[in-house]
Structure formats: structure tokens, C-alpha cells
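Colleague: I would like to learn how to read helix packing and pockets. Can we work through a case together?

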Amino acid sequence: GGIASGKTTVGQMLIDQGLPLVNADLLVKKIYQCSDVKAFIQKEFPEVISNGEIQFPLLRQKVFLNREVKAQVEGLIYQHLFSTFQEEFEKFKDPK
């Protein structure tokens with residue numbers, strides 16, 4: 001869903017009913033913490049790194065202003081999506 005479409009509200013309703021929920025936004029944030037992703041961002045866009053951390057407002061600005069940059073960053077994130085989602089789904093089989 002788009003911005004302000006109620007995803008968070010519906011997600012909370014599902015959780016309140018005891019259903020498992022995978023929050024894709026949180027998983028993508030987790031992907032950005034992977035060492036190879038951070039290294040790529042540091043190498044290609046050093047101006048968006050401060051104190052070793054990605055400054056997401058600066059990265060978003062770069063991504064939305066340049067289609068090539070967007071394609072690079074999305075490609076990198078997509079490389080991690082399946083395994084990251086799979087890892088999250090595995091938690092449903094064996095909740096801790």
C-alpha cells in the first residue's frame with residue numbers, strides 16, 4: 001500500500017488477533033545494516049554516511065532525484081530480499 005493507506009493500522013489489528021506479521025519496511029532497514037550493503041553505500045555515495053551510519057534522508061534524496069542511483073540501490077536491496085524474508089518466515093515455525 002501507498003503512504004498513509006493504513007498498513008500500520010491493519011498490521012496492528014492482525015497482531016492484536018494473534019496473527020504473525022512480517023513488516024517489510026523493518027526488513028529492508030535490516031538489509032541496509034548488512035556489511036556489504038553499507039560498504040556499497042559508503043563506496044558509491046560517501047556523502048550520505050555520517051559516523052559510519054547511513055543518513056537515510058540524504059540517501060532518499062539521491063535515490064529519488066536519479067533513476068540510475070535508484071536502480072543501483074534497489075538492485076542491491078533486492079539481492080538480499082529473499083533470504084531476509086525467508087529468515088523472518090522461519091521464526092514463525094519456531095517462535096522464540
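**Helix packing and the pocket**

Modeller: Start with a helix pair in this predicted model. H3 and H5 are roughly antiparallel to each other.

Colleague: At what angle do the axes of H3 and H5 cross?

Modeller: Roughly 170 degrees, and the axes come within 11 Å. Angles over 145 degrees count as roughly antiparallel, so this pair qualifies. Helix H3 covers residues 35–44.

Colleague: Which residues make the contact?

Modeller: H3 gives Asp36, Val37, Phe40, Ile41 and Glu44. H5 gives Gln72, Val73, Leu76, Ile77 and His80. By class, that contact has 6 nonpolar, 2 polar and 2 charged residues.

Colleague: Now the pocket. How is empty space found?

Modeller: Rolling a probe the size of a water molecule over the atoms shows where empty space is left. Here, the largest pocket holds about 600 Å³ of space. It is lined by 16 residues, and closest to its centre are Val28, Tyr32, Arg60, Phe64 and Ile77.

Colleague: Which elements give two or more residues to that lining?

Modeller: Helix H2 (24–32), helix H4 (56–65) and helix H5 (67–93). H5 supplies the largest share, 6 residues.

Colleague: How does the lining divide by class?

Modeller: Into 11 nonpolar and 5 charged residues, with no polar ones.

Colleague: And the chain as a whole: what pattern does it follow?

Modeller: Along the sequence, α-α-α-β-β-α-α. That is 5 helices and 2 strands. The radius of gyration is 16 Å, whereas a compact globule of 96 residues would have one near 12 Å. Along the principal axes, the C-alpha atoms fill a box of roughly 45 × 30 × 25 Å.

Terms used
Residues are numbered from 1 along each chain as its sequence is written. This is a predicted model: local features need pLDDT of at least 70, side-chain atom pairs count only at pLDDT 80 or more; totals for chains, interfaces and linings use all residues. Side-chain values use heavy atoms; hydrogens and water are left out. On a 1 Å grid over the protein atoms alone, a cavity is a set of points where a 1.4 Å probe fits but cannot get out, and a pocket is an open set with protein on both sides within 12 Å along at least five of seven lines; lining residues have an atom within 4 Å of a point. Grid points are joined across faces, edges and corners, and a volume is the space filled by probe spheres set on the points. Helices (H or I, at least four residues) and strands (E, at least two) are DSSP runs, numbered from the N terminus. Ala, Val, Leu, Ile, Met, Phe, Trp, Tyr, Cys and Pro count as nonpolar, Asp, Glu, Lys and Arg as charged, and the others, Gly among them, as polar. Axes are lines fitted to C-alpha atoms, for helices over the stretch in contact, and angles run from 0 to 180 degrees between N-to-C directions. Angles under 35 degrees count as roughly parallel, over 145 as roughly antiparallel, 65 to 115 as roughly perpendicular and the rest as oblique. Contact means heavy atoms within 4.5 Å. The radius of gyration is taken over C-alpha atoms; the globule rule is 2.2 Å times the number of residues to the power 0.38.
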